[in-house]
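Work through the exercises below with the sequence and the model open. Try each task before reading its solution.

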Amino acid sequence: MERLERNLERGPLAHGWPDQRWTLVKIKTLIGRLFHVSYTVEGTWLLLKWHGWSWQQPVRRAIERNDEAVELWKKEVWPRVRQRPQPGVRGSPSRTRRDSR
């Protein structure tokens with residue numbers, strides 16, 4: 001298990017995967033490469049769970065995210081998008097049906 005943990009700490013890039021996220025399929029493949037044994041995805045999860053590993057999902061955020069632009073959009077654009085039609089204005093609540101009058 002120590003050997004597996006050392007290899008996991010090196011990250012997926014060090015083992016030839018193009019991103020920085022470990023998945024059960026990647027860990028299963030790594031175990032096969034290192035120890036020449038085959039586990040199922042479920043068996044890989046049980047092995048990790050028995051050794052104290054937990055399931056975690058990374059926060060998904062774009063690398064090129066611009067927090068200032070997001071805040072500006074929330075303050076200026078979102079209120080206009082969110083506005084409801086004025087009372088008394090004819091129309092249909094359905095986007096696919098025309099006004100019935």
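**Exercise 1. Overall make-up**

Task: State what share of the protein chain is buried, and describe its secondary structure.

Solution. Start with burial: 16% of the 101 residues in the protein chain count as buried. Bear in mind that this is a predicted model. Next, take the secondary structure, which amounts to 4 helices and 0 strands. Along the sequence the order is α-α-α-α. Then turn to the surface: the accessible area of the protein chain is about 9300 Å², and carbon and sulfur atoms hold 52% of that. Finally, consider contacts with a separation of 6 or more: 26% of them join residues 24 or more positions apart.

**Exercise 2. The nonpolar core**

Task: List the residues of the largest nonpolar core and find which helix gives the most to this core.

Solution. First collect the members: Leu 4, Leu 8, Ile 27, Leu 30, Ile 31, Leu 34, Leu 47 and Leu 48, which makes 8 residues. Then assign them to helices: α1 (2-10), α2 (24-35) and α3 (41-50) each contribute at least two. The helix that gives the most is α2, with 4 residues. As background, nonpolar side chains in soluble globular proteins tend to be buried together.

To see how one member is placed, take Leu 4. Setting aside residues up to four places away in sequence, Leu 4 touches Leu 30, Ile 31, Leu 34, Phe 35 and Leu 48.

**Exercise 3. Two histidines in loops**

Task: Decide for His 15 whether the residue is buried or exposed, and do likewise for His 36.

Solution. Locate His 15 first: this residue sits in the loop between α1 and α2. Its relative accessible area is 14%, and the cut-off for buried is under 20%, so His 15 is buried. Now look at what surrounds the residue. Beyond its neighbours within four places in sequence, His 15 contacts Asn 7, Arg 10, Trp 22, Leu 30 and Arg 33. With Asn 7 there is also a polar contact, in which the His 15 side chain reaches the backbone oxygen of Asn 7 at 3.0 Å.

His 36 belongs to the loop between α2 and α3. Here the relative accessible area is 72%; exposed requires over 50%, so His 36 is exposed.

**Exercise 4. A backbone angle**

Task: What is the sign of phi at His 36?

Solution. Begin with the usual case: most residues other than glycine have a negative phi. Then read the angle in the model: His 36 is not a glycine, yet its phi is positive, at about 55°.

Notes. Residues are numbered from 1 along each chain as its sequence is written. This is a predicted model: local features need pLDDT of at least 70, side-chain atom pairs count only at pLDDT 80 or more; totals for chains, interfaces and linings use all residues. Side-chain values use heavy atoms; hydrogens and water are left out. A nonpolar core is a set of buried Ala, Val, Leu, Ile, Met, Phe, Trp, Tyr and Cys residues joined through side-chain atoms within 4.5 Å. Buried means under 20% relative accessible area, exposed over 50%, partly exposed in between (1.4 Å probe, protein chains only). Contact means heavy atoms within 4.5 Å. Accessible areas come from the Shrake-Rupley method with a 1.4 Å probe; for residues, only the protein chains shown count as cover. A polar contact is a pair of N or O atoms within 3.5 Å; within protein, one must be able to donate a hydrogen and the other to accept it, and residues adjacent in sequence count only if both atoms are side-chain atoms.
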